Amino acid sequence: MDAKTAAKAIRKGDISPVYLLYGSEKYQMKQFVDMLKEKVVEEEHRDFAIIPYDLTETPIEVVVEEAETAPFLVPKKLIIVRDTSVFAAGKDGGKIEHHIEALLTYMDNPADYSIIIFTVQAEKLDERKKIVKRLKSDASVIAFTPLGGDDLVAWIHKRAAEREVQLAAGAAESLIQYTGTGLQSLAAEIDKLCLYAGAQGTISTADIESLVPRSTEQNVFAMVEDLANLRLDKALSIFYELLKQKEEPIKIAALITRQFRIMLQVKELMGQSYSQQQIASQLSLHPYGVKVAGEQARRFRPEQLRQLLYDLGELDYRMKTGVVDKVLGLEMFLLKMGAGGFGLIRPVCRAV
């Protein structure tokens with residue numbers, strides 16, 4: 001079951017006695033749990049009705065006992081259980097022994113006054129486990145995966161619209177470049193920008209550039225974007241700003257190398273007809289990052305990307321061994337690339 005379908009069912013009052021939530025998108029998972037809290041538990045009852053557990057400290061049979069025990073002073077209770085290994089592969093190093101059969105037996109006849117939510121801190125479940133198979137057959141397992149490129153942009157627009165604010169063309173993409181793809185960080189920045197714009201206002205790319213701080217990783221990402229589009233002046237401006245912030249040139253070079261490596265991997269997988277989602281899964285990347293890397297990679301032939309990676313490897317060795325000054329070496333690399341020294345495909349002019 002996907003999160004949207006589950007949320008729709010919950011709003012209609014169709015609530016499962018047990019939920020198993022997992023995936024890398026923790027912000028969406030928290031929102032789902034919060035929605036369940038609002039639907040199931042009255043605000044004045046939450047001190048007694050919401051009970052947290054952690055399976056690294058508590059056996060699962062204790063959770064089952066809690067679910068079977070009638071609630072005190074409230075009509076229903078929500079049991080929120082954090083897990084790192086019972087439903088996922090691997091061990092968390094804990095010494096707790098869990099009797100999974102207790103949960104399996106409970107699921108045959110769950111209490112109508114308890115709802116158990118397992119939040120699994122892992123991207124994948126262990127499909128070999130009996131309890132995972134049972135939960136999947138009951139359609140109460142929900143995956144929270146990163147939003148795709150277009151979905152992420154739509155999510156940004158929707159969150160701003162909820163605050164009666166619009167985004168100018170390209171502003172959502174600019175916000176992602178500055179903040180990254182994490183929904184929690186994006187949500188915080190959108191809320192800040194909405195306060196600045198005011199009701200019925202519009203958030204522009206200039207507002208984002210003025211108000212949103214950019215991490216070193218996002219600065220390098222923007223630098224590579226500028227280099228791929230042969231905007232040398234902008235790329236150098238970012239580089240010099242990073243130097244002012246005392247960023248280590250070797251770290252900057254490593255981040256540039258990482259982005260070009262991703263571009264090559266994405267280009268090769270796209271050539272093998274992999275979808276954006278498949279590439280994201282294969283490379284453990286966010287789908288939006290795959291989308292942007294694919295767009296950047298179109299300006300290069302595979303052999304050009306391999307040559308860039310080789311030259312960056314050589315530059316890394318020369319900087320670390322003192323053969324070349326670190327700042328000068330990286331600056332010369334950027335100048336050569338921006339001047340088309342690596343045979344970049346020139347941008348195509350389009351009629352407006």
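Helices here are DSSP runs of at least four residues, numbered from the N terminus, and Leu315 turns up in one of them, helix H16. The model is a predicted one, and Leu315 makes a handy way into it. With a relative accessible area of 6%, Leu315 is buried, because that value falls under the 20% cut-off. Setting aside neighbours within four places in sequence, Leu315 is in contact with Val324, Gly329, Leu330 and Phe333. Ile250 sits 65 residues away from Leu315 along the chain, yet the C-alpha atoms of the two are separated by 9.2 Å.

Next comes the rest of that helix. H16 takes in residues 302-320, 19 residues in total, so at 1.5 Å a residue it should span 27 Å; its end C-alpha atoms are indeed 27 Å apart. Leu315 shares the buried set of H16 with Gln304, Leu305, Leu308, Leu309, Asp311, Leu312 and Met319. These buried residues cover an arc of only 165 degrees around the axis, and therefore lie on the same side of H16. What do they pack against? The partners are helix H13 (249-271) and helix H17 (326-338). The face turned away from the buried side is where the exposed residues Tyr310 and Tyr317 are found. After H16 comes Gly322, with a positive phi near 80 degrees.

Zooming out for a moment, the chain has 352 residues, of which 46% are buried. It holds 17 helices and seven strands, and its C-alpha trace spans about 70 × 50 × 40 Å along the principal axes. Among contacts with a separation of 6 or more, 77% join residues 24 or more positions apart. The accessible surface adds up to about 18500 Å², and carbon and sulfur atoms own 50% of it. As for charge, there are 45 positive and 49 negative side chains, and the centres of the two sets lie 6 Å apart.

Helix H7 (residues 149-162) can be read in much the way H16 was. Its 14 residues should span 20 Å at 1.5 Å a residue, and the end C-alpha atoms are 20 Å apart, which agrees. On the buried list for H7 are Gly149, Leu152, Val153, Trp155, Ile156, Arg159 and Ala160. They sit on the same side of H7, because the arc they cover around the axis is only 155 degrees. The other side of H7 has Asp150, Asp151, Lys158 and Glu162, which are exposed. The packing partners of the buried residues are helix H2 (26-40), strand S6 (166-167), helix H8 (171-179), H9, helix H14 (276-283) and helix H15 (287-297). Just after H7, Glu164 takes a positive phi of about 60 degrees.

One of those partners, H9 (residues 183-197), is home to Glu189. Is this acidic side chain's residue, Glu189, buried or exposed? At a relative accessible area of 15%, Glu189 is buried. Not counting residues up to four places away in sequence, Glu189 touches Leu175, Thr179, Val212 and Pro213.

Helix H4 (residues 60-68) has its own buried set: Ile60, Glu61, Val63, Val64, Glu66 and Ala67. Here the packing involves strand S2 (50-54), strand S3 (77-83), helix H5 (100-108) and strand S4 (114-120).

Finally, a word on backbone angles in the loops. Most residues other than glycine have a negative phi. Gln200 goes the other way, with a positive phi near 70 degrees. Gln200 lies in the loop between H9 and strand S7 (202-203), and its relative accessibility of 63% makes it exposed. Ser273 also has a positive phi, near 70 degrees, and is not a glycine either. The loop that holds Ser273 runs between H13 and H14, and Ser273 is exposed as well, with a relative accessible area of 66%.

Terms used: Residues numbered from 1 in each chain as written. Heavy atoms only, no water. Helix = DSSP H or I, 4+ residues; strand = E, 2+ residues; numbered from the N terminus. Buried < 20%, exposed > 50% of the residue type's maximum accessible area, 1.4 Å probe, protein only. Contact = heavy atoms within 4.5 Å. Areas by Shrake-Rupley, 256 points an atom, 1.4 Å probe, with all protein chains shown as cover. Lys, Arg positive; Asp, Glu negative; His and termini not counted. Charge placed at Lys NZ, Arg CZ, Asp CG, Glu CD. Expected span 1.5 Å × (residues − 1). Arc of directions from axis to C-beta.
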